[in-house]
Amino acid sequence: MSSDPKYDNFTYPTINPESGSGHPGHTTGEQDEKVVQLRKELEEANYTERLDTLTLLRFLRARKFDVALAKQMFTDCEKWRKEFKVEEIVNGFVYVEKPKVFEYYPQYYHKIDKDGRPVYIEQLGKIDLAAMLKITTEERMIQNLVLEYERLAEPRLPACSRKAGKLLETCCTIMDLKGVGVTSIPQVYGFLKKVSAISQNYYPERLGKLYIINAPWGFAGAFGMVKGFLDPVTVQKIHVLGGSYQSTLLEQIPAENLPKDFGGLCQCEGGCQLSDAGPWKEDQYQEPKPTPTTTAPPPAASEKESTEA
């Protein structure tokens, strides 16, 4: 993997020995050249942020290392970040209504899987958009989603990488469809379409594994029909399970990290949904603080030297 000291100042591992082709540490000479080319073209277009090698590789992988397509995806993302005021959200957004909203749409990060990745859980069957909009607005729900995506990039994934001793760029997702029925789909389709577009277009290459649990009758068959149109690499990440999913989840997630509601042993004080428990909350995996550099003051002149002067 080529690196640029101007942008590549990482404080966590940058290689995962288990990653595949196109990932950091597993790139070809041609792929490295495309990273350099993409960075050069973006610099010439006056972009100065998020030009580190790990980020550019994610955009290139998302576009099969087509530099022109990756550049377009990156510039579209930067335009969106400016219009959506992402930096303002990161620095000042407070989702005070979260506990009440989570009664209708729990979505949260909780500890790590056996590969060291953050576990992300969504319970779609509880969604009641009408009730949620009495508590908050669609805009604020999306702002919270964006804030959580930003927190995935920093501090969650870096902390997990430090703990695992290897680069981790993706998460393990559990999507619970318990309670989802045909009648509930229309009211949430528009909202889910918007948030899915944000994930795919502006936060590429973040899915490690996806477990769809409590899938209703017929869902697996429908998925079997559409997966032929999906990238084979993506299909390998998706596991569609019915109601007997616990043993499969426990193969990937330690029982002590999996909430009891899903067959694990974890019962966080105050509830797993709001705990945000994980390495990103543990001091030893935080961003290392720079070592202060001090310059010793010159020795004071002796009384004799002062007199002679």
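Two strands count as paired if DSSP finds at least two bridges between them, and helices (H or I, at least four residues) and strands (E, at least two) are DSSP runs numbered from the N terminus. The model is predicted, with local features requiring pLDDT of at least 70 and side-chain atom pairs pLDDT 80 or more, while totals for chains, interfaces and linings use all residues. Residues are numbered from 1 along each chain as its sequence is written, and side-chain values use heavy atoms, with hydrogens and water left out.

**Exercise 1.** Determine in what order the five strands form their sheet, and which strands stand at the edges.

*Solution.* Step one is the order, which reads 1-2-3-4-5 in an open sheet with mixed pairing. Step two concerns the edges: strand 1 (107-112) and strand 5 (238-240) each have a single partner strand, so one side of each is left without a neighbour in the sheet. Step three adds the twist, since neighbouring strands are turned by 20° against each other on average, direction ignored; axes here are lines fitted to C-alpha atoms, for helices over the stretch in contact, and angles run from 0 to 180 degrees between N-to-C directions.

**Exercise 2.** Describe the pairing and the covering of strand 3.

*Solution.* First, strand 3 (residues 171-176) pairs in the parallel sense with strand 2 (residues 118-123) over five bridges, where Glu 122 has Met 175 as its bridge partner and Gln 123 has Asp 176. Next, strand 3 also pairs in the parallel sense with strand 4 (residues 207-213), over six bridges, and Cys 172 stands opposite Lys 209 of strand 4. Finally, five of the six residues of strand 3 are buried, where buried means under 20% relative accessible area with a 1.4 Å probe, protein chains only.

**Exercise 3.** Establish which element gives the most to the lining of the second largest pocket, and how that lining divides by class.

*Solution.* Begin with the lining itself, which comprises 39 residues, with Arg 50, Asp 52, Thr 55, Ala 153 and Glu 154 nearest the centre of the pocket. Among the elements that give two or more residues to this lining are helix 2 (53-62) and helix 3 (67-84), but helix 7 gives the most, with eight residues. By class, the lining has 19 nonpolar, seven polar and 13 charged residues.

Terms used. Buried means under 20% relative accessible area, exposed over 50%, partly exposed in between (1.4 Å probe, protein chains only). On a 1 Å grid over the protein atoms alone, a cavity is a set of points where a 1.4 Å probe fits but cannot get out, and a pocket is an open set with protein on both sides within 12 Å along at least five of seven lines; lining residues have an atom within 4 Å of a point. Ala, Val, Leu, Ile, Met, Phe, Trp, Tyr, Cys and Pro count as nonpolar, Asp, Glu, Lys and Arg as charged, and the others, Gly among them, as polar.
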